[in-house]
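Here's a quick tour of one fold, starting with the sheet and ending at a pair of annotated positions. Have the viewer open and follow along.

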Amino acid sequence: MNKILIATKNKGKVNDFKGLFGAKNIEVISLLDLAEPIADIEETGQTFAENATLKAETIAKQLQLPVIADDSGLEIAALKGEPGVYSARYAGIEKNDQRNIDKVLENMADVKQEDRAAQFVCALALAIPGQETVIKHGYCKGFITTTQIGKNGFGYDPIFQPEGYDVTMAQLKPEEKNAISHRGNALKELAAWLAIN
Ligand SMILES: O=c1[nH]c(=O)c2ncn([C@@H]3O[C@H](COP(=O)(O)OP(=O)(O)OP(=O)(O)O)[C@@H](O)[C@H]3O)c2[nH]1
Ligand SMILES: [Mg+2]
């Protein structure tokens, strides 16, 4: 395998995957690279796994190619697991990262340091036409900061401090994020599965 299609339109995810697969000499293409535009898929699932499966199977069927889809998000304990599967659209359907960050910080304004635990979750679905879809999960535990710091990454990275670090995910270099991220961890699981099946 020297090329993989990731069924996403999120540039931040594409950059993460380019780093992750580039190390294995595998070229990453996404829905943003296709000549024919692909319609948005409505994410109607209740879980990351359901949404990842929906995206992977729809695109695999449409293009008759093996694809990986990623559904991911941030679960904050003090907000009862929110934003969860609604992470991209937390502050509205236009999917604005800055507005999403502002909404989290506002909702957590009164939450004490010791109660700011959170985790990123990533579900990866590998869909191959005619085969059963494979799903693997990855997690990254940490805390929500009180201000946003850092310019790398995307989404909530500037307000997420991984466990064992005193900087945010957005202050880490791309390769440092990939080494500990929910996406990197899910991909390790998928790679391990591919090697033994
Ligand atoms: O700080 C972050 N670092 C990450 O590493 C990360 N991974 C996911 N997220 C958040 O979760 C949403 C995914 O939602 P999502 O899986 O539906 O993707 P999406 O709608 O952006 O693109 P697509 O893949 O569906 O085309 C994203 O938009 C982000 O808000 C992240 N935030
Ligand atoms: Mg989405």
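## Ground rules

Two strands count as paired if DSSP finds at least two bridges between them. Strands (E, at least two residues) and helices (H or I, at least four) are DSSP runs, numbered from the N terminus.

This is a predicted model, where local features need pLDDT of at least 70, side-chain atom pairs count only at pLDDT 80 or more, and totals for chains, interfaces and linings use all residues. Residues are numbered from 1 along each chain as its sequence is written, while chains are lettered from A and ligands numbered from 1 in the order in which they are written.

## The sheet

Six strands make an open, mixed sheet, ordered β2-β1-β3-β4-β5-β6. At the edges sit β2 and β6 (160–162), each pairing on one side only. From one strand to the next, the twist averages 40°; angles here run from 0 to 180 degrees between N-to-C directions, with axes fitted to C-alpha atoms (for helices, over the stretch in contact).

β1 (residues 3–6) pairs parallel with β2 over four bridges, and I6 stands opposite S30 there. On its β3 side, β1 also pairs parallel, over two bridges, with I68 as the bridge partner of I6. β3 and β4 run antiparallel and are joined by 10 bridges; one partnership is D70 with L124.

## Helices on top

Helix α1 (residues 11–22) lies across β1, β2 and β3, at about 160° to β2. α2 also packs on the sheet: it touches β3, β4 (117–127) and β5 (134–144), and its direction makes about 160° with that of β3. Contact means C-beta atoms, placed from the backbone, within 7 Å.

## A well-covered strand

How many residues of β3 are buried? The count is 10 of 10, where buried means 20 or more other C-beta atoms within 10 Å, exposed means 12 or fewer, and partly exposed is in between. Both faces are covered, with D71 among the residues on one side and D70 among those on the other.

## The annotated pair

UniProt's unreviewed entry lists E42 and D71 under "binding site". They span 30 residues in sequence, yet their C-alpha atoms are no more than 12.2 Å apart, so they gather at one spot. UniProt positions follow the numbering used here, feature names are shortened, and annotations may be inferred rather than shown by experiment.

E42 sits in the loop between β2 (27–30) and α2 (48–63) and is exposed, because just 10 other C-beta atoms lie within 10 Å. D71, in strand β3 (residues 67–76), is buried, with 26 such neighbours. Leaving out residues up to four places away in sequence, D71 touches F48, N51, A52, K55 and A123.

Note on methods
Contact = placed C-beta atoms within 7 Å.
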